[in-house]
Amino acid sequence: IGGSVKNSYNTGAVSGGEEVGGVVGYNIDSVTNCYNTGTVTGSSDNNVGGVVGYNYIGSVTNCYNTGEVSGNSKVGGVVGNNEDGPVTNCYNTGSVSGGSSKGGVVGANSGSNTTVTGCYFLQQNGVPAQGIGEGSGDATAKDNTAFHSGEVAYLLQSKQTDESGLVWGQTLGGEEDSLPTLVALNPAVVNELLQGLFCPVAVNV
C-alpha cells in the first residue's frame with residue numbers, strides 16, 4: 001500500500017501466496033493503530049505477518065495481533081519481513097509457525113534504517129522463543145500474567161510521546177481476561193474511563 005492506514009482492524013481469516021498480512025500485505029507508508037485477530041496463512045512463500053506481511057521503508061506503530069500466523073519463511077506475529085523501516089510499540093499473543101526466520105514480533109529485520117523498539121510477545125507453546133527471527137531489535141517476551149495484569153499496556157503507553165495522548169489501555173477486574181487494547185478502536189473506552197474501570201497504567205510493574 002502506498003498510503004497510510006490508521007485505526008483499522010481485521011477479524012477474518014486471510015490467506016495468500018506471499019506478502020500476506022492481517023491488515024496490510026505490502027506497506028511502503030505508515031500503518032498506525034491497527035490490529036488483527038484473524039488467522040493469517042501464507043500458503044506458498046515468504047513475508048507473512050499478523051498485521052503487515054512486508055514492511056519496506058514504511059512504519060508500523062501501535063499495532064497488535066492475537067491471531068494465528070503461519071507461512072514458509074519470514075513469518076512474524078506483527079510483521080513478517082521488515083526492511084528499512086521502524087516497528088514501534090507493538091505486541092503479539094498469537095502463535096507463529098513456519099520454516100526459517102520466524103519471530104514472535106518480526107520474522108526478518110534488515111536494512112540500515114531498520115528498528116524494532118518497545119515491542120512485546122507472549123511466550124507460549126507455538127510461539128518462537130525469540131521476538132525477531134532474523135536480525136536484531138527490542139522485542140521482549142512476556143508471560144500471561146504480564147499481558148492480563150496491565151503491565152504490557154502500561155509499558156506500551158509509557159513509550160508514547162506527549163502529543164500521542166492516551167493510546168493504550170486495558171479493562172481490568174472483569175469476568176474475562178482482557179488484553180491491551182487501542183483506545184481509538186474501543187468504543188467503550190470513554191464510559192469505562194469515566195467509571196474508573198479502564199486502566200491506562202498498571203500497578204506493581
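This tour proceeds from the whole chain to one sheet and then to two asparagines in the model, which is a predicted one.

**The whole chain**

Begin with the entire chain displayed as a cartoon. Three helices and 24 strands make up its secondary structure. The chain has 205 residues, of which 50% count as buried. If a surface is switched on, the exposed area is about 8,600 Å², and carbon and sulfur atoms supply 44% of that area. Contacts across the sequence may be considered next: among those between residues at least 6 apart in sequence, 71% join residues at least 24 apart.

**A four-stranded sheet**

Next, select strands E3, E7, E11 and E16. They form an open sheet in the order E3-E7-E11-E16, and the pairing is parallel. Strand E3 (20-21) and strand E16 (100-103) stand at the edges; each has a single partner strand, so one side of each lacks a neighbour in the sheet.

Now restrict the selection to residues 73-76, which are strand E11. Strands E11 and E16 run parallel and are joined by three bridges. To find one of the paired positions, select glycine 76 together with glycine 103, its bridge partner in E16.

**Asparagine 82**

Move on to residues 79-83, which form strand E12, and pick out asparagine 82 within that strand. Is asparagine 82 buried or exposed? Its relative accessible area is 0%, so asparagine 82 is buried, the cut-off being under 20%.

Show the side chain of asparagine 55 as well. The side chains of asparagine 82 and asparagine 55 make a polar contact at 2.7 Å. Beyond residues up to four places away in sequence, asparagine 82 also touches others, including Val87, Val106, Ala108, Asn109, Ser110, Thr114, Thr115 and Val116. For a distance to check in the viewer, select valine 60: the C-alpha atoms of valine 60 and asparagine 82 are 9.4 Å apart, while the two residues are 22 apart in sequence.

**Asparagine 109**

From asparagine 82, step across to asparagine 109, one of the residues it touches. Asparagine 109 belongs to strand E17, residues 106-110. With a relative accessibility of 9%, asparagine 109 counts as buried.

Which residue offers its backbone oxygen to a polar atom of the side chain of asparagine 109 at 2.7 Å? Select serine 136: its backbone oxygen lies at that distance, 2.7 Å. To complete the surroundings, display the contacts of asparagine 109 outside its neighbours within four places in sequence; among them are Asn82, Thr114, Val116, Ile132, Glu134 and Gly135.

Notes. Residues numbered from 1 in each chain as written. Predicted model: local features only at pLDDT ≥ 70, side-chain atom pairs only at ≥ 80, totals over all residues. Heavy atoms only, no water. Helix = DSSP H or I, 4+ residues; strand = E, 2+ residues; numbered from the N terminus. Buried < 20%, exposed > 50% of the residue type's maximum accessible area, 1.4 Å probe, protein only. Contact = heavy atoms within 4.5 Å. Polar contact = N/O pair within 3.5 Å; in protein donor to acceptor, adjacent residues only side chain to side chain. Pairing = 2+ DSSP bridges. Areas by Shrake-Rupley, 256 points an atom, 1.4 Å probe, with all protein chains shown as cover.
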